[in-house]
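Good morning, colleagues. Please take a moment to look at the sequence and the structure on the screen before I begin.

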Protein chains: 2
Amino acid sequence: MTNPSERWTEIQGGVTTPLKYQAAAISAGIKPGSTKKDLAILFSESPSLAAALFTRNRVAAAPVLVSRRLLSEARGSVRALIVNSGNANACTGRRGIRDAESMAELTADALNVPAGSALVASTGVIGLALPMDRITGGIPDVVEKLSNHGGSDFSEAILTTDTRKKSCVVQSLIGGRPVTIAGVAKGAGMIQPRLATMLAFATTDASLSLPLLKKALHHAAKVSFNRVTVDGDTSTNDSLFLLANGASGARAISKEDRWFDHFQHGLTQVCTSLARQIAQDGEGSTKFIAVSVHEGRTVRECEQIARTIANSPLVKTAIAGADANWGRIICAAGYSGVPFDPDRLNIALNGLQVCRHGQPTGFDERRAKELLQKPEVQIDVTLGRGRQSATVWTCDLTEDYIKINALYRT
Amino acid sequence: MTNPSERWTEIQGGVTTPLKYQAAAISAGIKPGSTKKDLAILFSESPSLAAALFTRNRVAAAPVLVSRRLLSEARGSVRALIVNSGNANACTGRRGIRDAESMAELTADALNVPAGSALVASTGVIGLALPMDRITGGIPDVVEKLSNHGGSDFSEAILTTDTRKKSCVVQSLIGGRPVTIAGVAKGAGMIQPRLATMLAFATTDASLSLPLLKKALHHAAKVSFNRVTVDGDTSTNDSLFLLANGASGARAISKEDRWFDHFQHGLTQVCTSLARQIAQDGEGSTKFIAVSVHEGRTVRECEQIARTIANSPLVKTAIAGADANWGRIICAAGYSGVPFDPDRLNIALNGLQVCRHGQPTGFDERRAKELLQKPEVQIDVTLGRGRQSATVWTCDLTEDYIKINALYRT
């Protein structure tokens, strides 16, 4: 047979595209005056396992603390997830914990699944108590609406300042049986990605042992979401969930064989697509930016330089202005902490070499401006000190970012 | 006698206010089409000692490399400094080094002082060769204009995107003799302070041994400029110079006695004032922000949290919008890396407590908005885990920052 890793095909759909998942969402009015869908449930019709990754922020929100505990107590045996937007339930003390616990319990009750098998996630404003009456009142309505076609409503309900829904679904065969992996995400505040609350929910009808499910999720996150949001430098609510219910009937993956590798490729493809979509939807952004650093000694040092460049507001404003200001790029690389030799460094912008061996190439400024007016900008930095490389995704920084963020809370 | 540390009085003036210093500046047209003053010389009429601190960016500009070498070879014996704005002479390879050396040599020649006793500094665009014909042609004109009244022109010539000149002069007695310390600075790009080129020049007619001059400068920078620009995370050109010519005739300071402490206080006062002026003149900023973190275990951890908050674009945009969004402040503290207990954390904005023990206080939002509309905003964060504190200065982040930085180079 051919290499199975090449055979994941992207299709339309959402978290209910894999077999035996249901979802629904309603507008519960969690943010006063808003009529946006803001309360959603994801449900697996059959028993499923779940893995998750949570924020490492010292100030973790109540739903993060509660879901982490529930997941651990249930040993990964999870049937449902309830999510709200409009309020992060962060910095809300003991009451916040009780509210998050109630959300999970009421959801498990309403779905008639074991107590502790429903998890919870929230996103929105920090420091306000949840309007629990609206959530309590809303849960039966959401459960009532659950269906195999609710994926689109689910992906809409989790959004905050996002301008569009983010999803990716891939299909392939495992041991001859069709298997689907789906993911949806929210997240948009990209000037320093670590401040954006990122929520992502993935579902699959493949069957994996819990250790392998965790392993696959960790690896996929490392090369996707963690290349937009910094590991350890995350918001109060960041969470990534993966449910696997085995409903495809495909052979169970219980060791690190070629089928595990195949599944890993599919999951990584979904997570990478979502991470790119998050960067593309940066608040007020007009351009998607990929920063690739090549010829480093380690992947880690390449990532460190790429992230420093991607986080530089001076680089991001230059790209917004279609200005080939590579001096800001080399300057950011210079304070990244990696001891490269500036005299070996090359920089290309959308394929046009602007800096060779640390000095300008005498490139055509008009041509550079044209290239930088494209909606996608690829920055390539070559270090000349090794064979490793890494890519980090971000977006440009525009006046609209300021407008959105100076006014968001009120 | 009373504590001498209390007796430094601020007066009007510039780098030529201390005795036996001359300065001048001209418009040499270093940036094509500009008529701004851009070439300046500072000169000590009598032999003087100098100490300096330079950027730690891996990509250090040619004038930094050249001045560092000259200062070391001359063992601190320095008579003059030449500075240009409009071109940073960074990423300019061997030619850049030769150009910086020429600038220093031509200046020493024109002033008839020993070769190697003139230093050089540059600020402006990266990656362009200096227009040496204009500099070579300009040096005699600047020397011609040198006078004891040239301090104001000097402080004007070093500016780039700054909207105003920055200076501070203090006077006191050392051993009964009047002594003056003066400083001027440029620097304005404050969204992430590490990207702003910061140049500062201080002069004094006090007399200190070279080791004590260095020691005083290091300490003063640590609690002033390094609280706006991150140590080790600086631009390609950052430089801070201090000249001491002893022309006051006051007793020489050669050991760490009370007179050294007294001088240290005066110099720290000058540097702190300049650092605050830099933060106040942040590009496009409308508000000065001081972030103070109290009750930490070490000064270092307080500074780390304060700097993380001060660098958060979400905090800075909230302050621009006069929005008491303390959730963004606690979130930034949470990813600073300091293991504080969120349930003990308090936050006050211009004296109004908005968060107590990690939760909202139920403060009056209208009152908070009024307080945040003031041109100076004091953020106080209390950790409840020690007795140390630290303050970092920054400014708000506005749409004008983007405008300035998307268009700066062209």
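A term is needed at the outset: a helix here is a DSSP run of H or I covering at least four residues, and helices are numbered from the N terminus. The model before you is predicted. With that in mind, consider helix α8 of chain A, residues 313–320, which is mostly covered, with eight of its eight residues buried. Among them are A:P313, A:K316 and A:A320. Just after α8(A), A:A322 adopts a positive phi of about 50°.

I turn next to strand β9 of chain A, residues 239–244. This strand is also mostly covered: six of its six residues are buried. In a regular strand, side chains alternate between the two faces of the sheet. In β9(A), A:S239, A:F241 and A:L243 point one way, while A:L240, A:L242 and A:A244 point the other way, and all are buried.

Which strands pair with β9(A)? Strand β3 of chain A, residues 39–54, does so in the antiparallel sense over six bridges, and there A:A50 has A:L243 as its bridge partner. Strand β8 of chain A, residues 199–204, runs parallel to β9(A) and is joined to it by six bridges, with A:A202 opposite A:L242.

Finally, chain B. An open sheet of six strands follows the order β13-β12-β11-β14-β10-β15, with mixed pairing. Strands β13 (359–360) and β15 (388–395) of chain B stand at the edges with a single partner strand each, so one side of each lacks a neighbour in the sheet. Within this chain, β11 (residues 346–349) and β14 (residues 376–382) run antiparallel and are joined by four bridges; B:A348 is partnered there with B:D380 in β14(B).

Technical notes
Residues numbered from 1 in each chain as written. Chains lettered and ligands numbered in written order. Predicted model: local features only at pLDDT ≥ 70, side-chain atom pairs only at ≥ 80, totals over all residues. Pairing = 2+ DSSP bridges. Helix = DSSP H or I, 4+ residues; strand = E, 2+ residues; numbered from the N terminus. Buried ≥ 20, exposed ≤ 12 C-beta atoms within 10 Å, placed from the backbone.
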